[in-house]
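Got your viewer open? Load the model, keep a selection box handy, and let's walk through it stop by stop.

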Amino acid sequence: MYATVLQYLEETAERFPDKAAFADMAETYTFRELADLAGKAGSAIAKRVGPREPVMVYMDKKAYNVPVFLGAAYAGCFYVPVDDQMPAERVKLILDTLQPGLIIYDDAAEGRLEEIGGQVGRMHYKEAFQAEIDEARLHAIRQNAKNTDLLYVLFTSGSTGVPKGVTISHGAVIDFMEWICDKYRLDETAALCNQAPFYFDASVPDLYIPLKTGATVYIPPKSYYTFPKKVLQFIEQKEINTLIWVPSALCNVVNCRAFDVCVPGTVRLVIFCGEVMPCRHLNVWRKNIPKALFVNMYGPTEATYACMYYNIDREFADDEKLPLGRACENSGILLLGEDDRAVEDGEIGEICILGQCLSNGYYNAADRTRAVFVQNPVNTRWTEYLYRTGDLAYRDAAGNMVFAGRKDFQIKRLGHRIELGEIENAMLAVAEIENACCIFHDAREEIIAVYTGRIGTDEVNGRLGARLPQYMLPGRYVRLDAMPMNLNGKIDRARLKQEYAEETTWTD
Ligand code: AMP
């Protein structure tokens, strides 16, 4: 039984001391070096802050983040990653909620420290890496460590505009790592290519699979994802066999025709999670890398990374929906109807998650926590929390869950209930459309379809007319050169809504 992820690190550093753990373009850390630097950083942090306190890590996405994160854990604290590219206003909001004991920064973030203000103590990461390891202090901290202690807090965008800090314990990460490594036989031969920023839960497998197994994670420059031909060449050059990315990043490879330049033959496992993966784009990946297993995972930050999975085991038509599949063996899923009862098969209900993967709630936000982490209404006999996701799904005839959009993306028009994702799905099946997002203008009861691609708006309407009933056809189309993306690399729906579907901004 593992109490903390540090046990993973120490065991793996014993087994594979000289194997590369994390490598970016400038530096490679072996497991021995990682353990050593994490111990030094832990000793430096422990001198400045007591256990159970947040340590904000304000740095560019580089390999040196990892020993700092683990250093926070050695100090009995929890880390909160904040990217140097994050807007200062957002960082300030996070600071307000967090009131961290210490900010650890790098050269990239140093110039922005004044901008975010505050009286918080600061330390350059290089100073932390130069500290002497204080064995006695670290040992004393470790004696009190429990697997319910927080490992990190990730801030996600809240609907009120105030970011929510999702707390995750060591136990939740360990539980997920045991599941994913066992399920997909991940071991020291795995080589991963990190895509997601560290402040986003999509990077959690990249950070902890190496610790548990001895695998290696390569961190290419962020700019490679804008020019995906480079990322494919990087994958080939480093002989990467495992990709854990968000669908948008996979789609970008297809939209930029990157496979025309390079098909990395080493890839054997592609896991994606975080948004709908359009089948047309998936099919291009499957055609180019037929030996790989592709997996659709589902999960919010509040469930560590994923709580449902579907191994793609058959062909899917370009306009079909990929199922979310079944609950991961360490989690439970309930679909609750409006009356808080479990829905019948085929009926749509809200996805509610149970299990050790669950967050301990939002940091410093008891009301927001109470609103969504609630007693399982189907169990009146003992305390059992579940997390209400706000996502909708139904169970198909084969027993797989199928995503039916978010509660707040479901609209009523002309008396029909319409899931905007259905229209997006039909748009993405049109070969010339690269990216699509539908928003609803509430006052005008009008669906607005925003897309990128090599096709005019009239033609899109004609093609959709062949696939969708009249009442689902958008009333207006907006073609953009580039789709706005949020910090997590997903389509920025809020911004599109504000720009095109709010009374004050829309003019004919
Ligand atoms: P995040 O907390 O940023 O990881 O976002 C979680 C949300 O992403 C979920 O509540 C879903 O709305 C969406 N999501 C995650 N995985 C999938 C998936 N496989 N298919 C569709 N939507 C997904």
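Before the first stop, a word on terms: on a 1 Å grid over the protein atoms alone, a pocket is an open set of points with protein on both sides within 12 Å along at least five of seven lines, a cavity is a set of points where a 1.4 Å probe fits but cannot get out, and lining residues have an atom within 4 Å of a point. Grid points are joined across faces, edges and corners, and a volume is the space filled by probe spheres set on the points.

Keep in mind that this is a predicted model, with local features needing pLDDT of at least 70 and side-chain atom pairs counting only at pLDDT 80 or more, while totals for chains, interfaces and linings use all residues. Residues are numbered from 1 along each chain as its sequence is written, and side-chain values use heavy atoms, with hydrogens and water left out.

**Stop 1: the second largest pocket**

The second largest pocket has a volume of about 770 Å³. Its lining counts 28 residues, so select the ones closest to its centre: Y225, T226, N252, M485 and G489. Now colour by secondary structure, where helices (H or I, at least four residues) and strands (E, at least two) are DSSP runs numbered from the N terminus. Both α12 (247-255) and β23 (433-441) supply at least two residues of this lining, and α12 has the largest share, with five residues.

What about chemistry? Ala, Val, Leu, Ile, Met, Phe, Trp, Tyr, Cys and Pro count as nonpolar, Asp, Glu, Lys and Arg as charged, and the others, Gly among them, as polar. On that scheme the pocket lining splits into twelve nonpolar, eleven polar and five charged residues.

**Stop 2: the ligand**

Select the ligand and expand to residues with a heavy atom within 4 Å of it. You should get 17 residues, the closest being N296, M297, T301, D391 and K490. By class, this shell has seven nonpolar, five polar and five charged residues. Strands β13 (293-298) and β20 (401-406) each supply at least two of them, and β13 gives the most, with three.

Next, draw some distances. A polar contact here is a pair of N or O atoms within 3.5 Å; within protein, one must be able to donate a hydrogen and the other to accept it, and residues adjacent in sequence count only if both atoms are side-chain atoms. Which ligand atoms do the side chains of D391 and D201 approach? Oxygen atoms: a polar side-chain atom of D391 sits 2.5 Å from one, and a polar side-chain atom of D201 lies 3.1 Å from an oxygen of the ligand. For E275, pick the backbone instead: one of its polar backbone atoms is 3.4 Å from a nitrogen atom of the ligand. On its own the ligand has 500 Å² of accessible area, and the protein covers 88% of that. Such areas come from the Shrake-Rupley method with a 1.4 Å probe; for residues, only the protein chains shown count as cover.

**Stop 3: the cavities**

How many cavities of 30 Å³ or more does a search of the whole structure find? It finds two.

- The largest has a volume of about 50 Å³. Select M59, D60, K61, N65, P81, V82, D83, P197, F198 and Y199 to see its lining. Strand β4 (residues 78-83) gives the most to that lining, with three residues, and the classes are six nonpolar, one polar and three charged.
- The second largest has a volume of about 30 Å³. Its lining is L154, F155, T156, Y199, F200, D201, T301 and N488, made up of four nonpolar, three polar and one charged residues.

**Stop 4: buried spots**

Buried means under 20% relative accessible area, exposed over 50%, and partly exposed in between (1.4 Å probe, protein chains only).

Show helix α13 (residues 279-288): seven of its ten residues are buried, namely C279, R280, H281, L282, N283, W285 and R286.

Then jump to Y29 in strand β2 (residues 28-30). At 6% relative accessibility, Y29 is buried. Y29 and T216 are 187 residues apart along the chain, yet their C-alpha atoms are separated by 9.7 Å.

Finish on T369, in helix α14 (residues 366-372). Why does T369 count as buried? Because its relative accessibility is 16%. Zoom in on its side chain, where a polar atom lies 2.8 Å from the backbone oxygen of A365.
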